[in-house]
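Hi everyone, thanks for making time. I'll walk you through a structure that's new to most of you, so let's get it up on the screen and take it one contact at a time.

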Amino acid sequence: MAYSSHDQTSYSHDKTLITDSTDEPEVLAALGYKQELKRNRSLFTLLFQSLAIAALPFGEGGPLLSAVYGGGQLSIFVGWIIILFLASSVAVSLAEIASRYPTSAGPYYWSFQIANESNRTVLSFINGWVWLIGNWTITLSVNFGLASLINATAAIYHPDFAAEPWQLLLIFYAILLVSFVICTFANRFLPMVDTICAGWTGLSIFIICIALSVKAASGRHSASYTLGNYDKSLSGWGGFTFFIGLLPAAYTFSAIGMISAMAEEVHDPTIKVPRAIALSVPVLWFFGLFFVIPICATLPPLADITEAPGAQALPYIFGTVMGTPGGGLGLMFLVLAITMFCSISITVAASRTTWAFARDDAIPLSRVWSKVSPGLGVPVFALALVTIVQMLLGLINLGSSSAFTAFVSVGVQALQVSYGIPIALSLFHKRTQVSHARWKLHPIVGTVANVVALCWISFEVVLFSMPTVLPVDKTTMNYASVVLVGFMAIAAVWYFIYARKAYKGPPATDGL
C-alpha cells in the first residue's frame, strides 16, 4: 500500500485499486467519504489561508502584554527564535499524518486509524471533542480579540474611553455576522481573499517595520537592550518570568493544524496539505522577525505599557512610538484589517471541522450540521453553529471578564491536546502508518520531531493554565483548565446518553 510522491496509484481499505491519485473523489472514497465540497484551492492558497489564520501582527501583537509582563525584549525576541523549533516539530509531525489521511476530519480521524481496534472509537470521540472545542474557542479568541482591539484603538484618540461590556458584545456580534455572510455566500472567492490577505500582511509588516524604525518617538534602544533587556519585576514569577513571555509567540503558532480541515477542498491533498502545514511555520517566523525586532527596538517603558487601555499593548505602543494618534491609528488599521481576514479564514476552517465531526454522527443534531448546501457548496448549518456557539459564549463576558478569558485561553490548550493524541499514538506504534505517507520525514528525524512536539505540547498546556501575574485574585486567576474539563464533562455526558451506542467512529481505512 505504501507509495512515493511519484506513484500514481493508491489502495482503499478494501484493497481495491484506485488508478490515478489525482482523481480526488476516488481517493476520498478510499478514506470512507464521498466528495461533497468543491476542490478550489491550491498549495499556495492553502498556505495563504494558514498564514491568514495565524494573522502574525494580531497573533503576536494581540497578547503582547503577556510578553511585557514576561520580561520584555528578551522574551519577545529569544522566545520567537525558540518557538520556531518547537512549532516546527509540531507542524511536521502533523504534516506526516495529514499526508496519510487527508480528510477534513483531521486529528480525531487520524487517532481512530492509528489506535488499537479495542479503544479507537473512544479515543477518536475524545480527540474529536477536544479538537472541536479548540476550533470553536480559538475562533472565538480571534473574533473577540478583534473587538477588543477596535475598542483599544479608539483609546488612542480618547485615552479615557472604555467600551461597556454590552458595547463590546455588539462589536463582537457585528464581526461574527460579517464573517458568517462572507464565508457563506463568497466561498468561490475565498482562495482569492486568502491571497489578498497574504499580500496585505506582508505589506503591513513592511510598513510597520519602516514606520516604527524611522519615527521612534519614544526613543531607540541599543542593540544589546533591544535583544536582551529582561525585567523580572512585573510578573511576580521570578525565574519563571521568561516562559510567561512565550505566550504571544505560542499563541501565534497554535492553530497551524487547523488547515488540515481544508483537505477535501484542495487538489492532491496527500502532498499539498502537509506542505502547507510544514511551510507555514518558517514563513511566519521569517516575516515575524521584521515585526518583533522594530517593536523591541522602540518599545516604551514596560511599566507604562502595563497600564495600556483595555489591556491591549499594541495600540498603546503604536500610538506612543509614532508620537501622534493619527500615526498609531494608521498602523492599527493595517492590523485590524489583517485580523478581519483572519476571522474569515479561521471561521471557514472551524466550520469544516464542525461539519466533518457531525458527518460521523458525533455531536447532537448531526444530520443538520452535516448538510452541505447544493447551491452554495458550503456547510451552511455548520457555519451557523460555529457562529451561534461564539455568540452564546460571548454573553459570559457580560457577567465575568475573567471567566470569559478562560474560554479564550482554552482554545490553545484544546488544540494542542488534539494534536498530541495522534502524534503520541503514531510514536507508540513505531510510526508504522506515517512510514507509508507520500510526505514523510526520515525515520530518525521524524521520531525526534515527534518527541520534541509532545514535550512542547505538554509544557504548553501547563503554560496556558497559568496566570500572567502573581499574586492572583478571582479576577486575574486563569480558569482555562477548569473550562476545558467542563467542556469535556459535557462531551462525556453526551457520550453516555447517546454517542456510546450511535457513534462508531469514522470509516476504517488503511489510508493513502
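Let's start at R359, which lies over the face of Y33, 3.6 Å from the ring centre. Before I go on, a quick word: what you're looking at is a predicted model. Back to R359, then. It also lies over the face of W355, this time at 4.4 Å from the ring centre.

And that arginine has another partner. Which residue forms a salt bridge with R359? It's E264, and the closest N and O atoms are 2.9 Å apart. If you trace the chain, this pair links distant parts of it: R359 sits in helix α16, E264 sits in the loop between α12 and α13, and they're 95 residues apart. Are these two buried or exposed? R359 has a relative accessible area of 18%, so it counts as buried, with the cut-off for buried being under 20%. E264 is buried as well, at 0%.

Okay, salt bridges more broadly. The general idea is that side chains of opposite charge can pair when their charged atoms come close. A search of the whole structure turns up 5 salt bridges. One of them is between R41 and D194, with 2.9 Å between the closest N and O atoms. Here again distant parts of the chain are linked: R41 is in the loop between α1 (24–30) and α2 (43–54), while D194 is in helix α9, 153 residues apart. R41 has 2% relative accessibility, so we call it buried, and D194 is buried too, with 3%.

Then there's R438 and D268, whose side chains meet in a salt bridge at 2.7 Å, N to O. Where do those two sit in the chain? R438 is in the loop between α20 (401–428) and α21 (443–463), and D268 is in the loop between α12 and α13, which puts them 170 residues apart. R438 comes out buried, at 8% relative accessible area. D268, at 16%, counts as buried.

Now for the aromatics. How many aromatic pairs does the structure hold? There are 24. Let me show you one: the ring centres of W80 and F253 are 5.3 Å apart and their planes are at 45 degrees, so this pair is tilted. W80 is in helix α5 (residues 73–100), and F253 is in the loop between α12 (247–252) and α13 (269–298), so if you're following along in the sequence, look for a link across 173 residues. W80 is buried, with a relative accessible area of 0%, and F253 counts as buried at 3%.

W200 and F333 give us an edge-to-face pair, 6.2 Å centre to centre with 75 degrees between the planes. W200 belongs to helix α9 (residues 190–215) and F333 to helix α16 (residues 325–359), so the contact ties together parts that are 133 residues apart in sequence. How covered are they? W200 is partly exposed, with 27% relative accessible area, and F333 is exposed, with 52%.

There's also a cluster to look for: ring pairs link Y108, F125, W129, F357, Y495, F496 and Y503.

Someone usually asks about disulfides. As a reminder, a disulfide is a covalent bond between the sulfur atoms of two cysteines. The structure holds 0 of them. Take C342 and ask why its sulfur has no bond to the closest cysteine sulfur. That closest sulfur is in C197, and at 7.7 Å it's too far for a bond; the cut-off is 2.5 Å. C342 itself is buried, with 0% relative accessible area.

Last stop, the surface. W166, L170, I388, L392, L395 and L398 form a nonpolar patch there, and together they have about 600 Å² of accessible area. Which helices each supply at least two residues of that patch? They're α8 (165–185) and α18 (380–394). L398, on the other hand, is placed in helix α19 (residues 396–399). With 42% relative accessibility, L398 counts as partly exposed.

That's my tour. If you'd like one place to go back to, I'd pick R359 again, lying over the face of Y33 and over the face of W355, and salt-bridged to E264. Happy to take questions.

Terms used: Residues numbered from 1 in each chain as written. Predicted model: local features only at pLDDT ≥ 70, side-chain atom pairs only at ≥ 80, totals over all residues. Heavy atoms only, no water. Patch = residues over 30% accessible without salt bridge, like charges linked within 9 Å, V, L, I, M, F, W, Y side chains within 5 Å. Areas by Shrake-Rupley, 256 points an atom, 1.4 Å probe, with all protein chains shown as cover. Salt bridge = Lys/Arg side-chain N within 4 Å of Asp/Glu carboxyl O. Helix = DSSP H or I, 4+ residues; strand = E, 2+ residues; numbered from the N terminus. Buried < 20%, exposed > 50% of the residue type's maximum accessible area, 1.4 Å probe, protein only. Phe/Tyr/Trp six-rings, centres within 6.5 Å; stacked < 30°, edge-to-face > 60°. Lys NZ or Arg CZ within 6 Å of the ring centre and 35° of its normal.
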